[in-house]
Amino acid sequence: MTVYHKNYTLFLVPNWNQIGISLNSSNNSIENILSENSSNIIELYSYKNGTWFYWFPNVSSSFNTFESGLGYWVNAEENTSITIIGVDGRKPNLNIGWNLISTNSTEPILILDYLEGENWHSVFYYNHQTQDW
């Protein structure tokens, strides 16, 4: 069986960015994915199962790997990019209450289609250009 890898680049602006990791990489460690751009990242946050997790460069952190299907808050010091190489990730399981998720593909999809069959109430999106919801 042939596995086709995709490249996906996320472009970050200074200050807060809300991103999603759509691909599974062969090495999902934060250090590997950020690689040479890690010096431009001030902090990362993730939310899973009712708990916030954090990552700071060169400090003991509460998570060290990106998971496909989850969303992340990234505080960037300057314009930078993150390139991920991998295969389509998994669709996350929704928990009761708040979830910080992303789609599991690099292809556009309507949110109503993506969440079909799920029991959900509201969807919020952060626009990093206007710094608004």
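**Notebook: strands, two backbone angles and a pocket**

I began with N15, which counts as partly exposed because its relative accessibility is 36%, a value that falls between the 20% and 50% cut-offs. I note at the outset that this is a predicted model.

**Entry 1: N15 and S35.** I looked up where N15 belongs and found it in strand β2, which covers residues 15-20. I then checked its backbone and read a positive phi of about 90°, although N15 is not a glycine. I recorded this since most residues other than glycine have a negative phi. I found a positive phi at S35 as well, of about 40°, and S35 is not a glycine either. I placed S35 in the loop between α1 (30-34) and β4 (41-48). With a relative accessible area of 34%, S35 is partly exposed.

**Entry 2: the sheet.** I next asked in what order the strands of the open sheet stand. I read the order of the four strands as β2-β6-β4-β5, with antiparallel pairing. Because β2 and β5 each have a single partner strand, they stand at the edges, and one side of each is left without a neighbour in the sheet. I noted that the twist from one strand to the next averages 25°. As background, I recalled that strands of a sheet pair through backbone hydrogen bonds, either parallel or antiparallel.

**Entry 3: N75 in β6.** How many bridges join β4 to β6? I counted five, and the two strands run antiparallel. I followed one residue of β6, a strand that spans residues 71-76 and contains N75. The bridge partner of N75 is E43. I then asked whether N75 is buried or exposed. N75 counts as buried, because its relative accessibility is 10% and the cut-off for buried is under 20%. Leaving aside neighbours within four places in sequence, I listed the contacts of N75 as N15, W16, N40, I41, I42 and E43. N15, where these notes began, is thus one of the residues in contact with N75.

**Entry 4: Y54 in β5.** I turned to the edge strand β5, which covers residues 51-55 and includes Y54. At 33% relative accessibility, Y54 counts as partly exposed. Not counting residues up to four places away in sequence, I found that Y54 touches L44, Y45, S60, S61, S62 and F63. I also looked up the distance from Y54 to Q129, which lies 75 residues away along the chain, and the C-alpha atoms are separated by 23 Å.

**Entry 5: D113 in α2.** I located D113 in helix α2, which consists of residues 111-114. D113 is partly exposed, with a relative accessible area of 45%. D113 and N40 are 73 residues apart along the chain, and I read a separation of 35 Å between their C-alpha atoms.

**Entry 6: the largest pocket.** I recorded a volume of about 1,400 Å³ for the largest pocket. Which of its 41 lining residues are the closest to its centre? I found Q18, I101, S102, F124 and Y125 there. I then looked at which elements contribute to the lining, and noted that β1 (6-12), β2 and α2 each supply at least two residues. Finally, I sorted the lining by residue class and obtained 25 nonpolar residues, 15 polar and one charged.

Notes: Residues are numbered from 1 along each chain as its sequence is written. This is a predicted model: local features need pLDDT of at least 70, side-chain atom pairs count only at pLDDT 80 or more; totals for chains, interfaces and linings use all residues. Side-chain values use heavy atoms; hydrogens and water are left out. Buried means under 20% relative accessible area, exposed over 50%, partly exposed in between (1.4 Å probe, protein chains only). Contact means heavy atoms within 4.5 Å. Two strands pair if DSSP finds at least two bridges between them. Axes are lines fitted to C-alpha atoms, for helices over the stretch in contact, and angles run from 0 to 180 degrees between N-to-C directions. On a 1 Å grid over the protein atoms alone, a cavity is a set of points where a 1.4 Å probe fits but cannot get out, and a pocket is an open set with protein on both sides within 12 Å along at least five of seven lines; lining residues have an atom within 4 Å of a point. Grid points are joined across faces, edges and corners, and a volume is the space filled by probe spheres set on the points. Ala, Val, Leu, Ile, Met, Phe, Trp, Tyr, Cys and Pro count as nonpolar, Asp, Glu, Lys and Arg as charged, and the others, Gly among them, as polar.
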